[in-house]
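User: Could you pick one spot in this model and take a close look at it? Then work outwards from there, and keep it casual.

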Amino acid sequence: MPTASSERAFALIDCNSFYCSCERVFRPDLARAPIVVLSNNDGCVISRTTEAKALGIKMGQPYFQIRHDLRRWGVAVFSSNYALYGDMSQRVMTVLESLLPAVEVYSIDEAFADLTGISGSLEALGHDVRRQVLRQTGLPVGVGIATTRTLAKLANHAAKRWMRQTGGVVDIRVPERRDKLLRVTEVGEVWGVGRRLSDRLMAMGIRTAWDLAQADPRTIRRRFSVVVEKTVRELRSVACLELEDEPAPKQEICCSRMFGRRLRELEPIRQAVATYAARASEKLRAQRSLCRQVRVSIRTGMFNPTEPKFAKGVICTLPYPTDDARLIVRMAAEGLERVYQEGFAFSKAEVLLLDLCQRGEYTDDLFSAQQPAAAERLMGVMDAINGRWGRGTLRPASIPTAPDWGMRRELMSQSYTTRLDQLWVVKCQ
């Protein structure tokens with residue numbers, strides 16, 4: 001057995017085709033069938049299984065354009081079921097935290113782990129993580145191991161790309177394996193290199209991850225930014241990005257949805273805005289922040305040439321920094337009154353909380369109003385009730401229980417893990 005090593009070691013654990021895999025857990029009859037999951041309002045494809053990719057289905061393809069092909073090909077199609085996906089994500093992260101010493105949840109389907117100092121074979125550990133997550137949740141994951149977080153991302157990409165050869169685990173801490181992967185990886189696949197940056201790098205002759213690793217860090221910083229410079233150094237196995245114990249609070253919080261149908265009257269739009277404002281305030285309280293401003297905006301559909309176009313937003317300043325859903329909903333409704341125009345068919349509304357601060361980070365004004373202590377207690381009780389009995393159990397009266405303007409989810413699966421009346425039923429014969 002190898003002894004504990006002081007060499008830095010990071011792992012990225014990523015669920016494969018996460019949304020589709022969540023659906024497949026409760027539909028074993030679809031174990032080898034092509035599956036796609038659609039975005040809000042059943043708009044476009046946002047998740048595909050390997051079988052669906054083999055049929056040529058592209059990420060982001062509008063559903064209405066390919067729905068007949070999907071039916072002809074026998075593709076199982078699901079509306080997005082975020083309650084199910086969120087619960088399954090929490091289960092995966094719980095398993096990872098029980099197996100690994102330091103885990104940072106990066107997104108709903110990804111987590112970094114710091115493996116520095118762990119003795120034994122890290123590749124064997126990666127395979128054990130895959131087995132345990134699959135056994136306890138039913139979800140397949142890929143594991144990439146490297147000396148930096150950026151390289152771990154690339155290793156994870158390789159683990160999923162060459163699943164049969166690698167068994168879903170790739171360790172590139174050995175320089176020869178790292179360099180081989182860098183040479184065959186396009187620069188656009190590097191973590192943090194988007195399409196626009198990729199085009200600029202390729203114009204400089206930097207076409208692969210290897211090319212980027214060989215670039216002069218100072219030149220890259222001068223021409224781009226310190227963030228891209230850190231990427232170069234990370235590709236050279238110099239760890240510049242550490243795991244975060246707690247993610248930094250968001251500086252803005254947004255809740256935005258397309259309506260399930262076009263809305264012309266003010267009242268249903270007011271209900272939608274109240275719903276989004278209340279949801280945004282939940283997110284605000286979850287990170288224990290307060291906001292000073294609320295921006296409300298509405299718009300029509302932008303792609304139908306026969307429809308009149310309209311889009312407008314307004315910022316409302318709150319009387320004091322707050323996380324009180326009642327006040328935020330009321331201010332959002334007042335903002336909507338200022339931007340609404342008759343004669344248009346509106347398709348979307350957005351509520352954005354701005355100028356966020358943490359308690360104790362701002363100077364109290366002796367002569368200005370402060371958030372009442374009773375409001376904080378009330379919001380705490382409301383969140384506790386909703387946390388136990390489900391979101392929306394206790395809510396502002398302006399929010400309807402089953403709005404007819406809600407998102408289209410005609411193909412949504414059951415909430416197998418979050419609702420007692422929709423639990424998975426297994427029949428024995």
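Analyst: Let's go for Thr300, which counts as buried because its relative accessibility is 0% (buried means under 20% relative accessible area, exposed over 50%, partly exposed in between, with a 1.4 Å probe and protein chains only). Bear in mind that the model is predicted, so local features need pLDDT of at least 70 and side-chain atom pairs count only at pLDDT 80 or more, while totals for chains, interfaces and linings use all residues. Numbering starts from 1 along each chain as its sequence is written, and side-chain values use heavy atoms, with hydrogens and water left out.

Thr300 sits in strand E10, residues 289-300 (strands, E, are DSSP runs of at least two residues and helices, H or I, of at least four, numbered from the N terminus). Who covers Thr300? Setting aside residues up to four places away in sequence, Thr300 touches Pro308, Lys309, Phe310, Phe344, Ala345, Phe346 and Ser347 (contact means heavy atoms within 4.5 Å).

Zoom out a notch and E10 turns up in an open, antiparallel sheet of four strands, ordered E9-E12-E10-E11 (two strands pair if DSSP finds at least two bridges between them). The edges are E9 (253-263) and E11 (311-322); each has a single partner strand, so one side of each is left without a neighbour in the sheet. From one strand to the next, the twist averages 15 degrees (axes are lines fitted to C-alpha atoms, for helices over the stretch in contact, and angles run from 0 to 180 degrees between N-to-C directions). Eight bridges hold the antiparallel E10 and E11 pair, and Gln293 has Thr317 as its bridge partner in E11.

Two helices pack on this sheet. H13 (residues 266-286) touches E9, E10, E11 and strand E12 (346-358), with its direction at about 155 degrees to that of E9. H14 (residues 325-339) touches E10, E11 and E12, and its direction makes about 150 degrees with that of E11.

There's another sheet to look at. Five strands build it, open again, in the order E5-E6-E1-E7-E8 and with mixed pairing. E5 (103-107) and E8 (169-171) are the edge strands, each pairing on one side only. Here the strand-to-strand twist averages 15 degrees. E1 (residues 10-15) and E7 (residues 141-146) run antiparallel and are joined by six bridges; Ile13 is matched with Val143 in E7. Helix H5 (residues 122-137) packs on this sheet, touching E1, E7 and E8, and its direction makes about 160 degrees with that of E7.

E2 (residues 35-38) and E4 make a parallel pair over four bridges, with Val37 opposite Phe78 in E4. E4 (residues 76-79) is covered on both faces: Ala76 and Phe78 are buried on one side, Val77 and Ser79 on the other.

Another threonine worth a stop is Thr150, in helix H6 (residues 149-161). Thr150 is buried because its relative accessible area is just 1%. The Thr150 side chain makes a 2.9 Å polar contact with the Glu234 side chain (a pair of N or O atoms within 3.5 Å; within protein, one must be able to donate a hydrogen and the other to accept it, and residues adjacent in sequence count only if both atoms are side-chain atoms). Beyond its neighbours within four places in sequence, Thr150 is in contact with Val190, Trp191, Thr231, Glu234, Leu235 and Leu241. H6 is mostly covered, with 10 of its 13 residues buried, among them Arg149, Leu151 and Lys153.

Over in helix H10 (residues 209-214) you'll find Trp210, buried because its relative accessible area is 19%. Not counting neighbours within four places in sequence, Trp210 is in contact with Asp179, Leu182 and Arg183. Its C-alpha atom is 9.5 Å from that of Arg178, 32 residues away along the chain.

And the full view? The chain has 15 helices and 12 strands, with 46% of its 429 residues buried. Of the contacts with a separation of 6 or more, 69% link residues 24 or more positions apart. The C-alpha trace spans about 65 × 65 × 50 Å along its principal axes.
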